[in-house]
Amino acid sequence: MLKRLRWGLIGASDIAATRVLPAIRRAGGTAVAVQSGSNEHGRAYSIANEIPASTTSLDRMLSYDIDAVYISSRNDQHVSQALAAAAAGKHVLLEKPVAVTCGQARAVVDACAAAGVVLAVNHHLPGAGTHSKIRELVRSGAIGRVLSVSIRHAVMLPERLRGWRLSGVPGAGVIMDITVHDASVLNPLVGQPAQAVTALGARQGPWSAEAEDAAMVVIAYGGDILAQTHDAFTSAFTETRLEVHGDEGVILGKGVMTQDPVGQVILTDQRGEREISVSDRRDLYDIAVGAFARAAAGEGTPVVDGEDGLAALAVADAALTAFQTGRTIEIDTLTQ
Ligand code: NDP
């Protein structure tokens, strides 16, 4: 039987409370302690989420009897915390993006490998039943040769999350928040390296954002495949979607760029349009946490490992640079 992991939560965050801690507990894991930068917030969080201990010290956190850490702090804090966890020999489930630069992300990936600990990046979408089904259809040749992919991932940022994401801190903005998720889907779906990225962004919301809150990104992949994304914090009524266009058909993932196990997969080809059944409707975070726990026990690999997380960041990082400079950014040098 799989070992029930003892976890330390680094970051007293919304995503830990709402999605990942429940998934950890459903997998039979235990949250031993939470680490927060604020004593008051950490204590209130530990009580609200029934976590036995809270600390403001990373060293103290890593001295607890824990097997793994889940890092869900602000994006610019991930690297130092992940490096410390790896050095302490703890397996690392790390929130996306791995880091705010590819160089830092490479250091995290290499440090975890050198320490012999599992590193997984918590991109929830690639493991979803809908996305697995779409990749399966593409690989089976259902739409022939893939020509282009289009993602619409425009949502309304919930009021409770309108803090650091809209600020000027490194890692803020919709590109590091949502485009990086799109890239985690696109990279394995296309199966070719991302080569160049261009992007435009805007500040559209009813708030005074320092970072971009909407962006449209175009990515050139190997094999002459093009992808485009529309990402926003500002669209309250827009349904998300993923379209894969091939020379023999189209796959539409309707409502699939979400945190819940919902959405439809629709295939259109010479035979007409039909819905493809998706049998795996497990919670997306259960899938990611379950694979992580098995990998920590030496069975299998995470859904999104460190290299995958780095490749997703490379696309987002290039998109951000493209938006900021108005240039098309070649990607191959970013992940070295
Ligand atoms: P939050 O804003 O909820 O938390 C981020 C940090 O902000 C916390 O670690 C905490 O710092 C601080 N904080 C939050 N609330 C308070 C408060 N009331 N008082 C004081 N400090 C507070 O961020 P999210 O949960 O939205 O995101 C955290 C990470 O998870 C990010 O890296 C993000 O990219 C990722 N994420 C991933 C998702 C996914 O589906 N994979 C979805 C959403 C986010 P401290 O730890 O010091 O207490």
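This passage describes the surroundings of the ligand and then the nine-stranded sheet of a predicted model.

Because the coordinates are predicted, local features are reported at pLDDT of at least 70 and side-chain atom pairs only at pLDDT 80 or more, while totals for chains, interfaces and linings use all residues. Numbering runs from 1 along each chain as its sequence is written, and side-chain values use heavy atoms, with hydrogens and water left out.

The ligand sits in the largest pocket. Here a pocket is an open set of points on a 1 Å grid over the protein atoms alone, with protein on both sides within 12 Å along at least five of seven lines, and a molecule sits in a pocket if more than half of its atoms lie within 2 Å of its grid points. Around the ligand there are 24 residues, of which Asp14, Ser36, Gly37, Asn75 and Tyr285 come nearest; a residue belongs here if one of its heavy atoms lies within 4 Å of the molecule. By class, this shell has five nonpolar, 14 polar and five charged residues, where Ala, Val, Leu, Ile, Met, Phe, Trp, Tyr, Cys and Pro count as nonpolar, Asp, Glu, Lys and Arg as charged, and the others, Gly among them, as polar. Helix H1 (14-26) and helix H7 (174-190) each supply at least two residues of the shell; helices (H or I, at least four residues) and strands (E, at least two) are DSSP runs, numbered from the N terminus.

Polar contacts (pairs of N or O atoms within 3.5 Å) are made by ligand oxygen atoms. One such atom is 3.0 Å from a polar backbone atom of Ala12, and distances of 2.9 Å are found to an N or O atom in the side chain of His78 and to a backbone N or O atom of Lys96. The protein covers 77% of the 880 Å² of accessible area that the ligand has on its own (Shrake-Rupley method, 1.4 Å probe).

Turning to the sheet, nine strands form an open arrangement with mixed pairing, in the order E14-E13-E12-E11-E7-E10-E9-E8-E15. Two strands pair if DSSP finds at least two bridges between them. Strands E14 (272-276) and E15 (329-330) stand at the edges with a single partner strand each, so one side of each is left without a neighbour in the sheet.

E15 pairs with strand E8 (residues 194-202) in the antiparallel sense over two bridges, and Val197 stands opposite Ile329. E8 also pairs in the antiparallel sense with strand E9 (residues 214-221), over eight bridges, with Tyr221 as the partner of Ala194. Eight antiparallel bridges likewise join E9 to strand E10 (residues 225-232), where Met216 is matched with His230. E9 and E10 form a hairpin with three residues between them, and Gly223 in the turn has a positive phi of about 75°.

Technical notes: A polar contact is a pair of N or O atoms within 3.5 Å; within protein, one must be able to donate a hydrogen and the other to accept it, and residues adjacent in sequence count only if both atoms are side-chain atoms. On a 1 Å grid over the protein atoms alone, a cavity is a set of points where a 1.4 Å probe fits but cannot get out, and a pocket is an open set with protein on both sides within 12 Å along at least five of seven lines; lining residues have an atom within 4 Å of a point.
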